[in-house]
Amino acid sequence: MRIAQIRLFIKPQNEDTNMSLSVDVFTNQYLFELEPKETEYIVSETACKGFSVRVFPSGIKTFIYRSRTNNRSNKLAIARVNDISINDARFKALELGAVY
C-alpha cells in the first residue's frame, strides 16, 4: 500500500505586519499548529483559488474566501475552523468562486 505524500510549501507573500502565507493543501494538523501572532494574518491554499484561513490574535481561525473585483479586495467568512470540515469549507469556497 502506497501512501500519498502532501507537499507543504510555505512562502511569505510580503514582509509587512499583515503577513500572508500560502500552502499547497490544508490539513487538520497544519491548521491546528497555526499560532496566533500580534496581528491577524492570512494563509492561502494554492490548490483552491481564493480559499484561505484568517488567524486572529485571539487564536480564532476562520475559513474565508478572498476575491478581487475592480481593484477592491473582498473577504467573505465561511465558518470557523472548528465548526466545519476542511472539505466542506473548500466546497463552499468553490461555490462562492462561481458566484463572485
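How many salt bridges does the structure hold? The answer is three, and the views below visit each of them in a predicted model.

**View 1. Glu40 and Arg54 form a salt bridge.** Look for the closest N and O atoms of this pair, which are 3.5 Å apart. Glu40 sits in the loop between helix 1 (28–33) and strand 3 (41–45), while Arg54 belongs to strand 4 (residues 51–55), so the pair ties together parts that are 14 residues apart in sequence. The two partners can also be described by how much of each is accessible. Glu40 is partly exposed, because its relative accessibility is 28%. Arg54 has a relative accessible area of 18%, so Arg54 is buried.

**View 2. Glu45 and Arg90 meet through their side chains in a salt bridge.** Here the distance from N to O is 2.8 Å. Glu45 lies in strand 3 and Arg90 lies in helix 2 (residues 86–99), so this pair ties together parts that are 45 residues apart in sequence. Are these charged partners buried or exposed? Glu45 counts as buried, with a relative accessibility of 3%. Arg90 counts as buried too, at 17%.

**View 3. Lys92 and Glu95 form a salt bridge within helix 2.** The side chains meet with an N to O distance of 3.9 Å. Because Lys92 and Glu95 are three residues apart in helix 2, about one helical turn separates them. A general rule helps here: an α-helix has 3.6 residues a turn, so residues three or four places apart point the same way. Lys92 is partly exposed at 38% relative accessibility, and Glu95 is partly exposed at 37%.

**View 4. Helix 2 has a buried side and a side turned away from it.** This helix has 14 residues and reaches 20 Å from its first C-alpha to its last, close to the 20 Å expected at 1.5 Å a residue. Which residues of helix 2 are buried? They are Ile86, Ala89, Arg90, Ala93 and Leu96. Seen down the helix axis, these buried residues fall within an arc of 120°, so they line one face of the helix. Turn to the face pointing away from the buried side, and you will find the exposed residues Asn87, Phe91, Leu94, Ala98 and Val99. What covers the buried residues includes helix 1, strand 3, strand 4, strand 5 (61–69) and strand 6 (72–80).

**View 5. The largest nonpolar core has 21 residues.** Good places to start are Phe26, Leu31, Phe51, Phe63 and Ile78, the residues with the most contacts inside this core. Strand 2 (20–23), helix 1, strand 3, strand 4, strand 5, strand 6 and helix 2 are the elements that give two or more residues to this core. The largest share, four residues, comes from helix 2. As a general background, nonpolar side chains tend to be buried together in soluble globular proteins.

**View 6. Thr62 has its place in strand 5.** With a relative accessibility of 11%, Thr62 counts as buried. What is Thr62 in contact with, leaving aside its neighbours within four places in sequence? The contacts are Ser52, Val53, Arg54, Phe56, Ala77, Ala79, Arg80 and Val81. One of them, Arg54, is familiar from the first view as the salt-bridge partner of Glu40.

How values were computed
Residues numbered from 1 in each chain as written. Predicted model: local features only at pLDDT ≥ 70, side-chain atom pairs only at ≥ 80, totals over all residues. Heavy atoms only, no water. Salt bridge = Lys/Arg side-chain N within 4 Å of Asp/Glu carboxyl O. Buried < 20%, exposed > 50% of the residue type's maximum accessible area, 1.4 Å probe, protein only. Expected span 1.5 Å × (residues − 1). Arc of directions from axis to C-beta. Contact = heavy atoms within 4.5 Å. Core = buried A, V, L, I, M, F, W, Y, C linked by side-chain atoms within 4.5 Å.
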